[in-house]
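Thanks for sending this one over. Here are my notes, point by point, with the cut-offs spelled out as they come up.

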Amino acid sequence: MHKIYKSETVIKNKTKLVEDLTYCKNRNLFSNYTWEYYKYNVFMLNPNSLLMNKLCLDLKKIVRNYLQTEDPLWMQCWLNFHKQDEILDWHNHAWPYHGYISVRPHNTTTVFKNFEIKNKIGNIYIGPGNLEHKVRIDKKFTTPRITIGFDIKTIHNKVDEKMMSLMPI
């Protein structure tokens with residue numbers, strides 16, 4: 001079962017968070033921040049941002065609250081910074097848990113096979129992994145849609161050693 005949390009950190013600081021994430025994107029460290037998710041963790045791209053530090057700490061608490069465990073966990077987090085014609089089609093996350101933070105989602109909906117999530121600023125969705133989903137544009141937009149995606153690994157899951165994105169939580 002999935003859950004939606006509300007981030008006051010995002011809601012109260014959206015403009016500054018958009019600036020901080022735009023800074024990350026404009027560093028041009030990767031050709032595609034979404035599909036090169038395994039090479040980095042977005043919370044490590046802007047080490048001077050107190051806001052991103054706070055959001056990371058908030059997200060760790062949310063993950064622990066959702067999973068109700070003190071077992072070791074690892075999380076990868078990446079930046080989705082998409083123009084209207086770059087919106088994600090059907091895809092899946094082969095992880096035990098997946099989620100995303102809506103920073104500037106515009107008027108979009110995340111469509112899963114059996115349910116939909118209307119994206120709103122500050123929403124943090126978390127649910128089981130391996131659920132096919134896509135983003136639907138409900139109203140056209142001109143500035144990039146910004147979200148932070150994340151996947152959670154438990155102690156029971158092995159990953160490719162080439163992954164540079166996982167951090168303990």
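1. Aromatic pairs come to nine in this predicted model, where rings of Phe, Tyr and Trp (its six-membered ring) pair if their centres lie within 6.5 Å; planes under 30 degrees apart count as stacked, over 60 as edge-to-face and the rest as tilted. In one of these, Y33 and Y40 meet edge-to-face, with 5.6 Å centre to centre and 75 degrees between the planes. Both Y33 and Y40 are buried (under 20% relative accessible area, with exposed over 50% and partly exposed in between; 1.4 Å probe, protein chains only). Y100, F112, F115 and Y125 make up one aromatic cluster.

2. A word on the ground rules. The model is predicted, so local features need pLDDT of at least 70 and side-chain atom pairs count only at pLDDT 80 or more, while totals for chains, interfaces and linings use all residues. Residues are numbered from 1 along each chain as its sequence is written, and side-chain values use heavy atoms, with hydrogens and water left out.

3. Now to the strands, which are DSSP runs (E, at least two residues) numbered from the N terminus, as helices are (H or I, at least four). Two strands pair if DSSP finds at least two bridges between them. Strand 3 (97–104) runs antiparallel to strand 6, joined by five bridges. Here Y100 stands opposite Y125, and these two residues also belong to the aromatic cluster. Y97 faces P128 in strand 6.

4. Strand 3 also runs antiparallel to strand 8, through seven bridges, and R104 stands opposite I146 there. Strand 6 (residues 123–128) has a further antiparallel partner in strand 1 (residues 3–6), with four bridges; Y5 sits opposite I124. Both central players are mostly covered: seven of the eight residues of strand 3 are buried, as are five of the six in strand 6.

5. Where does helix 3 sit in the sequence, and how far does it reach? Helix 3 covers residues 50–67, 18 residues in all, and spans 26 Å from first C-alpha to last, close to the 26 Å expected at 1.5 Å a residue (1.5 Å times one less than the number of residues). Its buried residues include L51, L55, L59, I62 and R64. An α-helix has 3.6 residues a turn, so residues three or four places apart point the same way. Q68 follows helix 3 with a positive phi, near 50 degrees.

6. For empty space, a 1 Å grid is laid over the protein atoms alone: a cavity is a set of points where a 1.4 Å probe fits but cannot get out, a pocket is an open set with protein on both sides within 12 Å along at least five of seven lines, and lining residues have an atom within 4 Å of a point. The largest pocket has a volume of about 270 Å³ (the space filled by probe spheres set on the points, which are joined across faces, edges and corners). Of its 20 lining residues, W78, L88, H91, H93 and H98 are the closest to its centre. Strand 8 gives the largest share of the lining, four residues.

7. There is one cavity of 30 Å³ or more, and the largest cavity has a volume of about 30 Å³. Among the residues lining the largest cavity are H93, H98, F112, Y125 and P128.
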